[in-house]
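Student: Could you take me through one part of this protein in detail, choosing a single helix and showing how it sits against its surroundings?

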Amino acid sequence: MNGIVIVDKPAGWTSQDVTARLRRVFGTRRIGHGGTLDPMATGVLPVFVGRATRAVEFFEHAEKTYEAVLRLGITTDTEDITGSVLTQQTVQVTGEALEQALASFRGEILQVPPMYSALKVGGQKLCDLARKGVEVERQPRPVTIFLLHCLSFSGDRAVLQVRCSKGTYIRTLCKDIGQALGCGGCMESLRRTSAGEYTIDEAVPLQALLTTDSPESYLRPVDTMFRSHPAVTLTAKQTLRCRNGNAFSVNLADGSYRAYGPDGEFLALCRAENGSLSTIKSFFEV
């Protein structure tokens, strides 16, 4: 079986837990996921099955959208509500003050990765060092916050909608917003509502996949991942050249295209440049 299944990951599962179980469901070891979600987080987790795993590399840079609950007045060692409390104080923040703080985090910002993360320093995961009580210096990294909007705010809780680039830590964003407000803050909950082309409306509850007799019915074709790119149908001659990995002349504007054979088979993601079409990545059956 080949394709992409959009899982609605439940809380308490790691992304690796999900792929491990789905290897049994789909009967293949060739499975990967697109973008790690923390165990406490829920929502969109694209899982690539079979030949579709060739598309995982393109998903690494996909924008993602979240709904997060920011809990003000509390800081923790993990930067989310599951950690040990470091500080706690009374919250006296107005909606206007919150909006002013949010404005400073829109666009390209620098984030210091949290100690409780899978990033490696000197060959060791930061989270493993953190559990040993070791804290090491981390260099700030640029990330982009495309959208940061307060959906609701009451007392010490704000529901935020965030659309961001690869590598953004939402719990660090919550911590930094709380720090900017002078009262501290941490992430209380997190739900990913979209990843790349896929939204929560398309997601399948994990339990449905674990209990179904026809898991293949939930698989989406790999070309759905590239649906923002225009499609082009090749001639038989062009299809042969594409299958052989050769470039060929086309009358197309420069850009990326989904290339299909005359029979409708998705062949490759291609790039047109200066009147020539070449393969970025092929997906046809050999």
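**A close look at one helix**

Tutor: Among the contacts in the protein chain between residues at least 6 apart in sequence, 66% join residues at least 24 apart, and with that background we can turn to helix α3 in this predicted model. Helix α3 spans residues 95-103, and the protein chain to which it belongs has 7 helices and 19 strands.

Which residues of helix α3 are buried? They are Leu98, Ala101 and Leu102, where buried means that under 20% of the relative accessible area remains. These three cover an arc of only 100° around the axis, which puts them on the same side of α3. The spacing fits a general rule: an α-helix has 3.6 residues a turn, so residues three or four places apart point the same way.

The face of α3 turned away from that buried side carries Glu96 and Gln100, both of which are exposed; for a residue to be called exposed, its relative accessible area has to be over 50%.

What, then, covers the buried residues of α3? The cover includes two strands, β10 (141-154) and β11 (157-164), together with the helix α5 (170-181). To set the helix in the context of the whole protein chain, buried residues make up 46% of its 286 residues, while the accessible surface comes to about 13,900 Å², of which 47% belongs to carbon and sulfur atoms.

How values were computed:
Residues are numbered from 1 along each chain as its sequence is written. This is a predicted model: local features need pLDDT of at least 70, side-chain atom pairs count only at pLDDT 80 or more; totals for chains, interfaces and linings use all residues. Side-chain values use heavy atoms; hydrogens and water are left out. Buried means under 20% relative accessible area, exposed over 50%, partly exposed in between (1.4 Å probe, protein chains only). Helices (H or I, at least four residues) and strands (E, at least two) are DSSP runs, numbered from the N terminus. The arc is that of the directions from the helix axis to the C-beta atoms. Contact means heavy atoms within 4.5 Å. Accessible areas come from the Shrake-Rupley method with a 1.4 Å probe; for residues, only the protein chains shown count as cover.
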